[in-house]
Amino acid sequence: MTEDNPAIDDVTNRIQAIRSEVRRRIVGQQQVVDQVLACLLCDGNALLESTPGLGKTLLVRTLAEVTDLTFSRIQNTPDLMPSDVVGTEMVRETDTGRTFSFQKGPVFANLVLSDEINRATPKTQSALLEAMEEGQVTAGNETYDLPEPFFVLATQNPIDQEGTYPLPEAQADRFLMKILVEYPDADAEREIVDRYTRDVDASVAVESQVSTGELRQLQRFTHQVPIADDLRDLAVDVVRDTRSAEDLEYGASPRASMSLVRAAKARALVEGRTHVGSEDVTAMAVPVLRHRVVVDFRAEREGKTADDVIETLVEDR
């Protein structure tokens, strides 16, 4: 790929190479892999929700290896402090006396896994907000740029809510998608069991498919994928419908409209196409919107979820 004008075939081939290499190690979960890859192509953050033991950490580590990104992990707990995330000023003894230097925290990596983010206090959660939105962190009177690309992939457990702090709406809105990781089907689970019980070292080796610079090119190309006016309007109309939907207390903002268009462009590339189709918009509507809307009390009592309401709005279009 040339930096200014990458060939279309080269772009799609590189994306398919990343997709295939990740799937060598990750058994099943094809939709999850594709959605996380789409987030990466959009230069956006992702929130993964599932019960423990479904391979979320393995997926993130694998994606970092395949895309040659530096990786760090933050294990969120109630006693985690903001300085444990972004870093802190340290006093060092030198020949000329004491000096202060900034010790960078784990947020200074290309791909940051924020595990069980809802177990951190709101103060610590907010430490990630500037990083996710601005690509920088502020410590004391200094502002430090984060490496590019920068991608936060956070996880949370929907079952065990004791001692957790739900994400504020403003922070949840910074995630391009909320991706639900479901249990594998029977065939995939058999393969997982066979692979990881036959050998002590059963991990499949994967190879880097793109450099960091090439990944930035893929991200720029994703933004340039054409989308027809009627499909752009479809994305905007679905988001606008959430603001007047009978079953929703709150709808999504224009940031959601931009996110849905970006996600549709990325999905088209992941599927091997260089133009957006209506199926890309409709497929991305739920993961892009499910964490940006609030179901009202009446609909919730009837058993409706945000996914149900969004799917109805898409079908009505």
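This is a short chat about reading cysteines and a helix pair in a predicted model.

Colleague: Before we start, what are the ground rules for this model?

Modeller: It is predicted, so local features need pLDDT of at least 70 and side-chain atom pairs pLDDT 80 or more, while totals for chains, interfaces and linings use all residues. Residues are numbered from 1 along each chain as its sequence is written, and side-chain values use heavy atoms, with hydrogens and water left out.

Colleague: How many disulfides are there?

Modeller: A disulfide is a pair of cysteine sulfur atoms within 2.5 Å. By that rule the count is 0. For C39, the nearest cysteine sulfur belongs to C42, 6.7 Å away, and that is too far for a bond.

Colleague: Are C39 and C42 buried or exposed?

Modeller: Buried means under 20% relative accessible area, exposed over 50%, and partly exposed in between (1.4 Å probe, protein chains only). C39 is buried because its relative accessibility is 0%, and C42 is buried at 2%.

Colleague: And how do I read two packed helices?

Modeller: You describe them by the angle between their axes and the distance between the axes. Here, α9 (residues 229-242) and α11 (residues 278-289) have axes that come within 10 Å and cross at roughly 30 degrees. Angles under 35 degrees count as roughly parallel, over 145 as roughly antiparallel, 65 to 115 as roughly perpendicular and the rest as oblique, so α9 and α11 are roughly parallel.

Colleague: Which residues of α9 and α11 meet?

Modeller: With contact meaning heavy atoms within 4.5 Å, L231, L234, A235, V238, V239 and T242 in α9 meet S278, V281 and L289 in α11. That contact divides into 7 nonpolar, 2 polar and no charged residues.

Definitions and conventions:
Axes fitted to C-alpha atoms, helices over the stretch in contact; angles between N-to-C directions. Helix = DSSP H or I, 4+ residues; strand = E, 2+ residues; numbered from the N terminus. Nonpolar A, V, L, I, M, F, W, Y, C, P; charged D, E, K, R; others polar.
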